Structure formats: structure tokens, C-alpha cells
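Reader: Hi! Could you walk me through this one?
Author: Happy to, here it is.

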Amino acid sequence: MAPPRWLPLESNPEVMTKFVSCLGMKSSWQFGDVYGLEPELLSLVPRPVCALLLLFPVTEKYEAFKQEEEEKLKAQGQEISPDAYFMKQTIGNACGTIGLIHAVANNQAHLEFEPDSSLKKFIEQTSKMTPEEKAVFLEKDETIRVTHESSAQEGQTEAPSLDEKVNLHFVAFVNIGGQLYELDGRKPFPIIHKKTSEDTFLEDAVDVCKIFMARDPQEVHFTIIALSKNSD
């Protein structure tokens, strides 16, 4: 049986904020664009930032790097925190939603939820599951699927058809216990990049984004979105 496919979610902070809001996350934290990587543009991003989402093109160079990275980390091992919430991606085009779940699930200490939040309920029900079990559970979660579909059709650009091959992919960066984690449902495990802190998280995560960009210098399809505390 072919794996399920969803419509891709646009890299649009308003769409993402509405998406998590529909699933019961309060608006005390919101998604916003990071307009550039220079210090003066990063200074425009509201602080604190608890997660960063990177949308990037999946190229041959990236796939070759991903394979190398996986083999290297399997050989040398990583000490993954038991607090890290990580899930695999089995649904086509669901990387935006999985990125949002990774961003939210690893920041529950900061974020606030409505009492009946279906997102909070999903995270709580799946927290002790393996990454593969979480993926299967998402396939069966109608509330998240329906919210994803309506959000995917809400963006400014016309949503592509279900069968259209999308070669852009979302990953999430979060701070777990003072370490900068990359969470990508296409990878077998989380990637620990370096030490970080609440104060330096944005700059630290952006440094890793720059490496993604340097790997494919001819590509222009990179978008960075921050989950920041709402200053309103």
C-alpha cells in the first residue's frame, strides 16, 4: 500500500500560527519570518526564540551529505536526551506539520495550550512511543490531518496537487538541555549540532542554517521561520 500523502504546507508564518492555534496552542508564542542572516536582520526577530524551522531544497548534494552524516553518527554514536521528542515522517508532504510538532513538543515548558488542545493531546499520547510509532499515530489522527489540509490550501501561493513532487523540506531546530538539536523526520535519529542557550539559540541555529545554504550555493529556495514569544 502506498504511504499517505498530504498537501504541502506553505512556509508562511501566518498559516503556521493559525494552524497551531486551530489545534489549541495559545498565541503567547507565534511564528515569524527571519528576513536575513546578518546581525542587523536577526535583531528584528522578537526574542526569546524557542524553535527555528528551515525550509530547504533537497538536492543530490544534500542527499549525499545526509547519507554520509548518518553513517558517521551511527559509527560514533550520540547521547540523545531522553527528553527529546522525535518522530519519523511516513506521510508524503507532511514535513511542515512534523516540523511544527517537533518545534512545539520540545518546548512545552514555554508554550501554553487550551484545555482541550488536540495538539497537546497528540503530544502527550505519543510522548513515550518510538519515532516510528509516532509516525503511524499521526497517519490516523484526523484532527491534525484536516487542520493540515485546510492550512495547506490557505497559503498565498496555489497549493500544488497531491501528486506533484515537492523537493522542498522542513526541519526544526530546538534547544534541548543546552544542546542544539536538528529534528528531521526523514532522518533515522535527531542530530546534535553543538551547545546552545536560550540567549544564543537564534544565532546558533542560524549558523547551522548557513551550512545548509553553503552546501548548495546556487539554490535560492531557503526560508527560515522563528517561533518567538509574542510581545503584544
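Reader: How do helix α4 and helix α5 pack, by angle and axis distance?
Author: Helix α4 (residues 95-105) and helix α5 (residues 118-126) pack at about 80 degrees, and their axes are 11 Å apart. Axes here are lines fitted to C-alpha atoms, for helices over the stretch in contact, with angles from 0 to 180 degrees between N-to-C directions. That angle makes α4 roughly perpendicular to α5 (65 to 115 degrees; under 35 is roughly parallel, over 145 roughly antiparallel, the rest oblique). Helices are DSSP runs of H or I with at least four residues, strands are E runs of at least two, and both are numbered from the N terminus.

Reader: Which residues make the contact?
Author: On α4, Ile101, Val104 and Ala105; on α5, Leu119, Phe122 and Ile123. Contact means heavy atoms within 4.5 Å. By class there are six nonpolar, no polar and no charged residues.

Reader: Is this a predicted model, and what are the ground rules?
Author: The model is predicted, so local features need pLDDT of at least 70 and side-chain atom pairs count only at pLDDT 80 or more, while totals for chains, interfaces and linings use all residues. Residues are numbered from 1 along each chain as its sequence is written, and side-chain values use heavy atoms, leaving out hydrogens and water.Reader: Okay, what about α1 and α7, at what angle do they pack?
Author: Helix α1 (residues 13-22) and helix α7 (residues 142-152) pack at about 155 degrees, with axes 10 Å apart. That makes α1 roughly antiparallel to α7. Val15, Phe19 and Cys22 of α1 meet Ile144, Thr147, His148 and Ser151 of α7. These contact residues divide into four nonpolar, three polar and no charged (Ala, Val, Leu, Ile, Met, Phe, Trp, Tyr, Cys and Pro count as nonpolar, Asp, Glu, Lys and Arg as charged, and the others, Gly among them, as polar).

Reader: Switching to backbone geometry: where is proline 48?
Author: Proline 48 sits in the loop between α2 (39-42) and β2 (49-57). The peptide bond leading to it from arginine 47 is cis, with omega near -10 degrees.

Reader: And what is the phi of asparagine 93?
Author: Asparagine 93 has a positive phi of about 70 degrees, although it is not a glycine. This residue lies in the loop between α3 (60-76) and α4.

Reader: Buried or exposed, that asparagine 93?
Author: Asparagine 93 is buried, at a relative accessible area of 11%. Buried means under 20%, exposed over 50%, and partly exposed in between, with a 1.4 Å probe and protein chains only.

Key:
Residues are numbered from 1 along each chain as its sequence is written. Side-chain values use heavy atoms; hydrogens and water are left out.
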